[in-house]
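Here is a friendly briefing to read alongside the model. Have the viewer open and follow along topic by topic.

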Amino acid sequence: MKSAVLVSSLCADPAHTILTELFGVEEAALVSAQQQEFPWRVETKYFTADLRVHIVPDLASASPELLAAVDGVVLFINSSQEVCVSFFVLCALLKQGAQRMVFLTKRLIHVCSHVQADLTPQLRTWARALSEFEPAVQLLADHAGGSPALIEWCLDNQFEHVRLVAEEGDEGDEDIIGVPRLREALHSHTWPNLVRRSAAARKPVTAAAIDAAPAPAP
């Protein structure tokens, strides 16, 4: 049964504070180990679901058995980081006829370092591996705003791009961002192992309802 959430980071930004807020775990525990697993209960007005959250440092640490059990994925990136571009991207550019780039001056390195993150081999590898198992919820949590090319990549690969921080000009924007959006996406999914709440459990108990209740028999 697909009842697992897989979390990994493709950037240098620590996500401990975000994970603490999202899953309700101790930050100290997250710092102590790169790879770990813990239970997480999703509770909504209509259902509950007991899940397992798996934090892995990279794709190689996720076994095929784990990937087969995953129905939710959260990948952390920072699309503004220069480290998002690897040597392989530069090689790809050279193969496309950009021989003039062979003289890698400081200016060239600066320009190439801002190639969009959708070209990173790491991100493409994750998408290729996940496509075999088709998780229902795939979230790309970005410490930056994300470029149009990255947004297009997300649409093409069934990922939702979630900005973790507000940007200038966001005032009045009704879109939910950050941890609230991550939580909303995971809570909105119909998990295979969910347990529906009864109508009585969903109905709030009000003071008026208490006053209207019949008195117990003597």
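At 43% relative accessibility, Asp-50 counts as partly exposed, a class that runs between buried (under 20% relative accessible area) and exposed (over 50%), with a 1.4 Å probe and protein chains only. Its partner in a salt bridge is Arg-41, with N and O 2.7 Å apart, and Arg-41 is partly exposed as well, at 45%. Please keep in mind that this is a predicted model, in which local features need pLDDT of at least 70 and side-chain atom pairs count only at pLDDT 80 or more, while totals for chains, interfaces and linings use all residues. Residues are numbered from 1 along each chain as its sequence is written, and side-chain values use heavy atoms, with hydrogens and water left out.

**The protein as a whole**

- The protein contains ten helices and seven strands; helices (H or I, at least four residues) and strands (E, at least two) are DSSP runs numbered from the N terminus.
- Of the 218 residues in the protein, 41% are buried.
- About 13,000 Å² of the protein is exposed, and carbon and sulfur atoms supply 56% of that area; accessible areas come from the Shrake-Rupley method with a 1.4 Å probe, and for residues only the protein chains shown count as cover.
- Among contacts with a separation of 6 or more, 66% are between residues 24 or more positions apart, where contact means heavy atoms within 4.5 Å.

**Salt bridges**

- How many salt bridges does a search of the whole structure find? The search finds six, each being a side-chain nitrogen of Lys or Arg within 4 Å of a carboxyl oxygen of Asp or Glu.
- One of them joins Arg-52 to Glu-37, with the closest N and O atoms 2.9 Å apart. Arg-52 belongs to strand β3 (residues 47–55) and Glu-37 to strand β2 (residues 36–43), so this pair ties together parts that are 15 residues apart in sequence.
- Both partners of that bridge have a listed accessibility: Arg-52 is partly exposed at 33%, and Glu-37 is partly exposed at 44%.
- Another salt bridge brings together the side chains of Arg-197 and Glu-43, at 3.5 Å from N to O. Arg-197 sits in the loop between β7 (195–196) and α9 (199–202), while Glu-43 is in strand β2, so the pair ties together parts that are 154 residues apart in sequence.
- Arg-197 is partly exposed at 27% relative accessibility, and Glu-43 is partly exposed with a relative accessible area of 47%.
- Salt bridges also link Glu-160, Arg-181 and Glu-184 into a network.

**Helix α1 and its buried side**

- Which residues of helix α1 (residues 16–23) are buried? They are Ile-18, Leu-19, Leu-22 and Phe-23.
- These residues cover an arc of only 105 degrees around the axis, which puts them on the same side of α1; the arc is taken from the directions from the helix axis to the C-beta atoms.
- Gly-24 follows α1 and has a positive phi, near 75 degrees.

**Aromatic pairs**

- The count comes to three aromatic pairs. The rule pairs rings of Phe, Tyr and Trp (its six-membered ring) if their centres lie within 6.5 Å; planes under 30 degrees apart count as stacked, over 60 as edge-to-face and the rest as tilted.
- Phe-23 and Phe-38 form an edge-to-face pair, 5.9 Å centre to centre with 70 degrees between the planes. Phe-23 lies in helix α1 and Phe-38 in strand β2, so the pair ties together parts that are 15 residues apart in sequence.
- Phe-23 and Phe-38 are both buried.
- Phe-23 also forms an edge-to-face pair with Trp-40, at 4.8 Å centre to centre and 90 degrees between the planes. Here helix α1 supplies Phe-23 and strand β2 supplies Trp-40, so parts 17 residues apart in sequence are tied together.
- Phe-23 has a relative accessible area of 6%, and Trp-40 is buried at 8%.
- Ring pairs thus join Phe-23, Phe-38 and Trp-40 in a cluster.

**A buried loop residue**

- Where does Asn-78 lie? Asn-78 is in the loop between β4 (70–77) and α4 (87–95).
- Asn-78 is buried, with a relative accessible area of 7%.
- The side chains of Asn-78 and Ser-80 share a polar contact of 2.6 Å. A polar contact is a pair of N or O atoms within 3.5 Å; within protein, one must be able to donate a hydrogen and the other to accept it, and residues adjacent in sequence count only if both atoms are side-chain atoms.
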